[in-house]
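User: I am new to this structure and would be grateful for a close look at a single part of it. Please set that part in its context and explain each term as it arises.

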Amino acid sequence: MWKSEGISLPKDMHELQSQLKAIMYTMNSKSKLADIMSTPVGQYLDGHPFFALALLVFGAMATVPVGLFLTFAIVTFVTASVGFVFLQGFLLSLGGIVLLCVLCGLAIIAFAVSAIFSAFYITASNVLDYYYSHRSAYMKQNIIGSHPSCESDASSCPNPGFQKQKGQ
(Lines give C-alpha, C1' and ligand atoms only; values in the text may rest on other atoms or scores of the structure.)
Protein backbone atom coordinates (compact mmCIF):
# COMPACT_ATOMS: atom_id res chain seq x y z
CA MET A 1 0.00 0.00 0.00
CA TRP A 2 2.72 2.43 0.90
CA LYS A 3 4.94 1.34 -1.99
CA SER A 4 2.24 1.78 -4.58
CA GLU A 5 1.90 5.43 -3.72
CA GLY A 6 5.62 5.96 -3.98
CA ILE A 7 6.23 6.41 -0.29
CA SER A 8 8.75 3.98 1.23
CA LEU A 9 8.23 2.39 4.65
CA PRO A 10 10.76 3.22 7.29
CA LYS A 11 13.23 0.53 8.24
CA ASP A 12 11.69 0.16 11.74
CA MET A 13 8.27 -0.63 10.28
CA HIS A 14 9.78 -3.44 8.17
CA GLU A 15 11.38 -4.90 11.29
CA LEU A 16 8.12 -4.67 13.24
CA GLN A 17 6.25 -6.34 10.38
CA SER A 18 8.75 -9.18 10.24
CA GLN A 19 8.56 -9.67 14.00
CA LEU A 20 4.75 -9.84 13.85
CA LYS A 21 4.95 -12.39 11.03
CA ALA A 22 7.34 -14.46 13.14
CA ILE A 23 4.97 -14.31 16.11
CA MET A 24 2.02 -15.28 13.90
CA TYR A 25 4.02 -18.18 12.46
CA THR A 26 4.96 -19.50 15.93
CA MET A 27 1.40 -19.13 17.11
CA ASN A 28 0.04 -20.98 14.08
CA SER A 29 2.65 -23.70 14.37
CA LYS A 30 1.67 -24.56 17.98
CA SER A 31 -0.32 -27.79 18.03
CA LYS A 32 -3.16 -26.56 20.28
CA LEU A 33 -3.68 -23.38 18.32
CA ALA A 34 -3.50 -25.33 15.06
CA ASP A 35 -6.17 -27.70 16.41
CA ILE A 36 -8.42 -24.74 17.30
CA MET A 37 -7.86 -23.06 13.95
CA SER A 38 -8.79 -26.25 12.10
CA THR A 39 -12.29 -26.21 13.66
CA PRO A 40 -15.14 -24.38 11.90
CA VAL A 41 -15.10 -21.61 14.54
CA GLY A 42 -11.35 -21.13 14.05
CA GLN A 43 -11.76 -20.99 10.28
CA TYR A 44 -14.58 -18.45 10.67
CA LEU A 45 -12.43 -16.27 12.95
CA ASP A 46 -9.50 -16.58 10.51
CA GLY A 47 -11.77 -15.35 7.72
CA HIS A 48 -13.21 -12.46 9.81
CA PRO A 49 -10.32 -10.77 11.62
CA PHE A 50 -12.45 -7.85 12.93
CA PHE A 51 -14.78 -10.26 14.73
CA ALA A 52 -11.75 -12.20 16.05
CA LEU A 53 -10.28 -8.94 17.39
CA ALA A 54 -13.63 -7.99 18.98
CA LEU A 55 -13.84 -11.43 20.60
CA LEU A 56 -10.27 -11.10 21.88
CA VAL A 57 -10.95 -7.63 23.33
CA PHE A 58 -14.21 -8.85 24.91
CA GLY A 59 -12.43 -11.83 26.47
CA ALA A 60 -9.64 -9.62 27.82
CA MET A 61 -12.06 -7.06 29.22
CA ALA A 62 -14.39 -9.70 30.68
CA THR A 63 -11.65 -11.16 32.86
CA VAL A 64 -11.82 -8.24 35.32
CA PRO A 65 -15.58 -8.45 36.08
CA VAL A 66 -15.52 -12.24 36.10
CA GLY A 67 -12.50 -12.17 38.42
CA LEU A 68 -14.21 -9.67 40.70
CA PHE A 69 -17.36 -11.79 40.78
CA LEU A 70 -15.41 -14.96 41.58
CA THR A 71 -13.51 -13.08 44.30
CA PHE A 72 -16.82 -11.85 45.72
CA ALA A 73 -18.25 -15.39 45.64
CA ILE A 74 -15.22 -16.88 47.39
CA VAL A 75 -15.12 -14.13 50.03
CA THR A 76 -18.86 -14.54 50.63
CA PHE A 77 -18.48 -18.30 51.00
CA VAL A 78 -15.55 -17.98 53.40
CA THR A 79 -17.33 -15.30 55.41
CA ALA A 80 -20.48 -17.42 55.65
CA SER A 81 -18.44 -20.45 56.70
CA VAL A 82 -16.56 -18.51 59.36
CA GLY A 83 -19.78 -16.88 60.51
CA PHE A 84 -21.42 -20.29 60.76
CA VAL A 85 -18.52 -21.58 62.84
CA PHE A 86 -18.71 -18.52 65.12
CA LEU A 87 -22.49 -18.90 65.40
CA GLN A 88 -22.12 -22.57 66.30
CA GLY A 89 -19.43 -21.70 68.84
CA PHE A 90 -21.63 -19.01 70.35
CA LEU A 91 -24.62 -21.33 70.55
CA LEU A 92 -22.54 -24.11 72.12
CA SER A 93 -21.13 -21.65 74.66
CA LEU A 94 -24.61 -20.39 75.45
CA GLY A 95 -25.87 -23.96 75.84
CA GLY A 96 -22.92 -24.78 78.11
CA ILE A 97 -23.68 -21.79 80.31
CA VAL A 98 -27.36 -22.78 80.53
CA LEU A 99 -26.35 -26.36 81.39
CA LEU A 100 -23.98 -25.06 84.09
CA CYS A 101 -26.76 -22.93 85.60
CA VAL A 102 -29.21 -25.83 85.58
CA LEU A 103 -26.67 -28.16 87.20
CA CYS A 104 -25.85 -25.56 89.87
CA GLY A 105 -29.56 -25.16 90.59
CA LEU A 106 -29.95 -28.94 90.83
CA ALA A 107 -26.98 -29.12 93.23
CA ILE A 108 -28.56 -26.46 95.46
CA ILE A 109 -31.92 -28.24 95.39
CA ALA A 110 -30.25 -31.61 96.10
CA PHE A 111 -28.39 -30.08 99.06
CA ALA A 112 -31.60 -28.56 100.42
CA VAL A 113 -33.56 -31.81 100.01
CA SER A 114 -30.80 -33.84 101.67
CA ALA A 115 -30.66 -31.31 104.55
CA ILE A 116 -34.45 -31.59 104.98
CA PHE A 117 -34.30 -35.41 104.87
CA SER A 118 -31.39 -35.44 107.33
CA ALA A 119 -33.25 -33.13 109.70
CA PHE A 120 -36.35 -35.29 109.38
CA TYR A 121 -34.33 -38.46 110.04
CA ILE A 122 -32.60 -36.98 113.09
CA THR A 123 -35.88 -35.63 114.46
CA ALA A 124 -37.76 -38.86 113.83
CA SER A 125 -35.05 -41.01 115.38
CA ASN A 126 -34.87 -38.79 118.47
CA VAL A 127 -38.66 -38.77 118.85
CA LEU A 128 -38.82 -42.53 118.47
CA ASP A 129 -35.94 -43.04 120.91
CA TYR A 130 -37.63 -40.72 123.41
CA TYR A 131 -40.99 -42.47 122.94
CA TYR A 132 -39.62 -45.98 123.29
CA SER A 133 -37.33 -45.09 126.20
CA HIS A 134 -40.32 -43.77 128.16
CA ARG A 135 -42.42 -46.72 127.08
CA SER A 136 -39.81 -49.26 128.16
CA ALA A 137 -39.43 -47.49 131.50
CA TYR A 138 -43.22 -47.51 131.90
CA MET A 139 -43.39 -51.15 130.92
CA LYS A 140 -40.58 -51.99 133.34
CA GLN A 141 -42.40 -50.17 136.11
CA ASN A 142 -45.63 -52.06 135.37
CA ILE A 143 -43.93 -55.44 135.16
CA ILE A 144 -41.91 -54.97 138.35
CA GLY A 145 -44.99 -53.72 140.16
CA SER A 146 -47.10 -56.70 139.14
CA HIS A 147 -44.32 -59.32 139.42
CA PRO A 148 -41.87 -58.55 142.17
CA SER A 149 -39.80 -61.60 141.29
CA CYS A 150 -38.84 -60.00 137.91
CA GLU A 151 -36.48 -57.58 139.58
CA SER A 152 -34.43 -60.30 141.24
CA ASP A 153 -34.74 -62.99 138.57
CA ALA A 154 -35.40 -61.80 134.98
CA SER A 155 -35.81 -65.33 133.65
CA SER A 156 -39.04 -65.84 135.61
CA CYS A 157 -40.54 -62.62 134.18
CA PRO A 158 -43.44 -63.04 131.66
CA ASN A 159 -42.28 -60.13 129.40
CA PRO A 160 -39.48 -61.31 127.06
CA GLY A 161 -38.51 -57.68 126.29
CA PHE A 162 -37.77 -57.14 129.93
CA GLN A 163 -35.56 -60.20 129.95
CA LYS A 164 -33.43 -58.77 127.15
CA GLN A 165 -33.20 -55.42 128.90
CA LYS A 166 -32.26 -57.01 132.18
CA GLY A 167 -29.60 -59.16 130.50
CA GLN A 168 -27.88 -56.16 128.93
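Analyst: The account that follows moves from the chain as a whole to the largest pocket, and then to the aromatic pairs.

The model is predicted: local features need pLDDT of at least 70, side-chain atom pairs count only at pLDDT 80 or more, and totals for chains, interfaces and linings use all residues. Residues are numbered from 1 along each chain as its sequence is written, and side-chain values use heavy atoms, with hydrogens and water left out.

The protein has six helices and zero strands, where helices (H or I, at least four residues) and strands (E, at least two) are DSSP runs numbered from the N terminus. Of its 168 residues, 5% are buried, meaning under 20% relative accessible area, with exposed over 50% and partly exposed in between (1.4 Å probe, protein chains only). Among contacts (heavy atoms within 4.5 Å) with a separation of 6 or more, 3% join residues 24 or more positions apart.

The largest pocket has a volume of about 500 Å³. A pocket is an open set of points on a 1 Å grid over the protein atoms alone, where a 1.4 Å probe fits, with protein on both sides within 12 Å along at least five of seven lines; lining residues have an atom within 4 Å of a point. The volume is the space filled by probe spheres set on the points, which are joined across faces, edges and corners. Its lining consists of 15 residues, of which Met-27, Met-37, Leu-45, Ala-52 and Leu-56 are the closest to the centre. At least two lining residues come from each of α1 (11-29), α2 (31-37), α3 (40-47) and α4 (49-146); α4 gives the most, with five. By class, twelve are nonpolar, two polar and one charged. Here Ala, Val, Leu, Ile, Met, Phe, Trp, Tyr, Cys and Pro count as nonpolar, Asp, Glu, Lys and Arg as charged, and the others, Gly among them, as polar.

The whole structure holds two aromatic pairs. The ring centres of Tyr-44 and Phe-51 lie 6.0 Å apart with planes at 75°, so this pair is edge-to-face; rings of Phe, Tyr and Trp (its six-membered ring) pair if their centres lie within 6.5 Å, and planes under 30 degrees apart count as stacked, over 60 as edge-to-face and the rest as tilted. Tyr-44 is partly exposed at 45% relative accessible area, and Phe-51 is partly exposed at 44%. Tyr-131 and Tyr-132 also form an edge-to-face pair, because their centres are 5.1 Å apart and their planes stand at 70°.
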